2 protein chains.
Amino acid sequence: MSALAYVNGTITPLAEARLPLLDRGVFFGDGVYDTLFSINGRLHAPERHFRRLAHSLHETGIGAISIEEIESALAELSGRCEHRDVDFYIQVTRGVQPARAHTWKEEPRPTLIITAQERHDLPAEHYARGVTLFSHTDLRWGRCDIKSVNLLPNVMARQKAAAAGGYDALLVRDGHVTEGSGSSVLIVEEGVLVAPPLSYEILPSITREIVLELAREAGVPVRLERRTLEQYIQADEAMVLSTKVGVLPVRAIDSVELPTERPLIERLRALYQETVQALAE
Amino acid sequence: MSALAYVNGTITPLAEARLPLLDRGVFFGDGVYDTLFSINGRLHAPERHFRRLAHSLHETGIGAISIEEIESALAELSGRCEHRDVDFYIQVTRGVQPARAHTWKEEPRPTLIITAQERHDLPAEHYARGVTLFSHTDLRWGRCDIKSVNLLPNVMARQKAAAAGGYDALLVRDGHVTEGSGSSVLIVEEGVLVAPPLSYEILPSITREIVLELAREAGVPVRLERRTLEQYIQADEAMVLSTKVGVLPVRAIDSVELPTERPLIERLRALYQETVQALAE
């Protein structure tokens, strides 16, 4: 399938899609986004993703668009997709202005962008071997709970990690680990699943939310506490999580190898995969 | 004059200019910018603006474009402008990718965007009466010395100030004032010009740089030190500075009126205006 793009009602091949230069997304990064996927034509956890997108829209004051409108556009684009396993990317910007200006008197009409690309799993060896992370100072802004397109600090940290052969950066703010630049992180300490508490410092990851629920249902103790980089490196197990990759074990942090036995990660990964697999049946 | 836009070699009316959706500027805010102006067809302080743009490009690793290339495009666009007093906006993004991905193996070719609009001075009463500021927590990232298009925290702070009838927000980080959301700030304390020291917390404002040089040349004592919001409110004089407005007196901060006599601001504003006026002669 060639990838598709929906921009304010018009569907085209992704590579041909255009945006007005005067869109506030271009000049100010004045927009928010979310990602979700379908398996067998059925969306995974859509209500959770739309709840998060509604939070991002509300907190940035991008008001003149409804979740219903976005769902309807997503359904329209989905109906045009040749494939049934699809990664969707949804972005809403504050819209087009007649001239570049930080502020507005009358809020412009938001721009709705959705892209659709065939979904492919990561190579199985990534899950078997695990991935490597490189620590980086968390330079992001003070409202990381908003999924905004102001991603330059994420890009800079992740590119540095990638150039060193890593999968993602592991961000550290004021001495404690927050998350990856494009994923959230969890560790296991003596059978306890430890995750940073939700705050303005991290994105409320949907994959993490589901995994924590599955862990609690399975009787795995969960602790929401901050940990230092040193504690991450000394963890029994560590994982990164994202909508794109699901649950992915961490092999090494800053070139220090973690244990190769990952009993709890494997168990949680299997439980999470069941929620994905259920869509295929 | 209808405003013009240059995008990678193509010049169109600004309102007709388009950008590929797959430009990293759209998905990641992965770009930097600068603004400058011409009077009588002559650029004001271009070498300073290009030096700052080079810094932004270097620090973000957007490498595959030269300042000479940008200067040449600016000259081409300038030649197409009907007017002689023009505000230019220059943005460079990391370029277009075949699909949305945080990282890249081969750096894409950067996208060069320049817009040109006729320059108008603010109404004279703004300079006579002064403007009002409203304090706001500085939520921006850890590298505000880079003039990036990740401007969502600036937009949110400034819109809140504008909704309250203010000109700009006055940003406060860890108890000290950094700058405005779209301008830098200076105060006068007993005849001494006080400005926050350059750091990752503030943009190296060109207007501020020029004004500080003019002050030193005129024998005005200058101190580069942090100050609290309380100290700003109690200042003898306060001003905001930007390429767009030059030197603009502050009348009130958080609804507290400052003294209406502003001898040092008026002196510095006159000196700064001479550097602008010199272009017209």
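In this predicted model, Cys144(A) sits in the loop that links β8 (131-137) to α5 (152-163) of chain A. Although it belongs to a loop, Cys144(A) is buried, because its relative accessibility is 5% and the cut-off for burial is under 20%. Part of the company that Cys144(A) keeps comes from far along the chain: Tyr200(A) is 56 residues away in sequence, yet the two C-alpha atoms are 5.4 Å apart in space. Once neighbours within four places in sequence are set aside, the contacts of Cys144(A) are Arg173(A), Glu179(A), Tyr200(A), Glu201(A), Ile202(A) and Leu203(A).

It is helpful to set this loop against chain A as a whole. The chain contains 8 helices and 16 strands. Its C-alpha trace spans about 55 × 45 × 35 Å along the principal axes. The radius of gyration of chain A is 19 Å, which agrees with the value near 19 Å for a compact globule of 281 residues. Of these 281 residues, 58% are buried. Contacts that link distant parts of the sequence are well represented: among those between residues at least 6 apart, 72% join residues at least 24 apart. At the surface, chain A exposes about 11,200 Å², with carbon and sulfur atoms supplying 50% of that area. The chain carries 30 positive and 39 negative charges, and the mean positions of the two sets are 3 Å apart.

Turning to chain B, helix α5 (residues 152-163) has 12 residues and reaches 16 Å from its first C-alpha to its last, close to the 16 Å expected at 1.5 Å a residue. This helix is mostly covered, with 9 of its 12 residues buried. The buried positions in α5(B) are Leu152(B), Pro153(B), Asn154(B), Val155(B), Met156(B), Ala157(B), Arg158(B), Gln159(B) and Ala161(B). Their cover draws on both chains: it includes α1 (24-28), β4 (31-39) and α2 (46-60) of chain A, along with β8 (131-137) and β9 (168-173) of chain B. After α5(B) comes Gly165(B), which has a positive phi near 90°.

Contacts with both chains also appear at Thr115(B), a residue of strand β7 (residues 111-118) of chain B. Thr115(B) counts as buried because its relative accessible area is 5%, where burial means under 20%. Beyond its neighbours within four places in sequence, Thr115(B) touches Leu21(A) and Phe27(A) of chain A, and in chain B Leu4(B), Ala5(B), Leu14(B), Leu77(B), Asp87(B), Phe88(B) and Tyr89(B).

Two aspartates of chain B deserve a look for their backbone angles. Most residues other than glycine have a negative phi. Asp174(B), however, has a positive phi of about 50°, and Asp254(B) likewise has a positive phi, near 50°. Both residues are in loops: Asp174(B) lies between β9 and β10 (176-180), and Asp254(B) between β15 (246-253) and β16 (256-257). Asp174(B) is exposed because its relative accessible area of 73% is over 50%. Asp254(B), at 27% relative accessibility, is partly exposed.

Note on methods. Residues numbered from 1 in each chain as written. Chains lettered and ligands numbered in written order. Predicted model: local features only at pLDDT ≥ 70, side-chain atom pairs only at ≥ 80, totals over all residues. Heavy atoms only, no water. Helix = DSSP H or I, 4+ residues; strand = E, 2+ residues; numbered from the N terminus. Buried < 20%, exposed > 50% of the residue type's maximum accessible area, 1.4 Å probe, protein only. Contact = heavy atoms within 4.5 Å. Rg over C-alpha atoms; globule rule 2.2 N^0.38 Å. Areas by Shrake-Rupley, 256 points an atom, 1.4 Å probe, with all protein chains shown as cover. Lys, Arg positive; Asp, Glu negative; His and termini not counted. Charge placed at Lys NZ, Arg CZ, Asp CG, Glu CD. Expected span 1.5 Å × (residues − 1).
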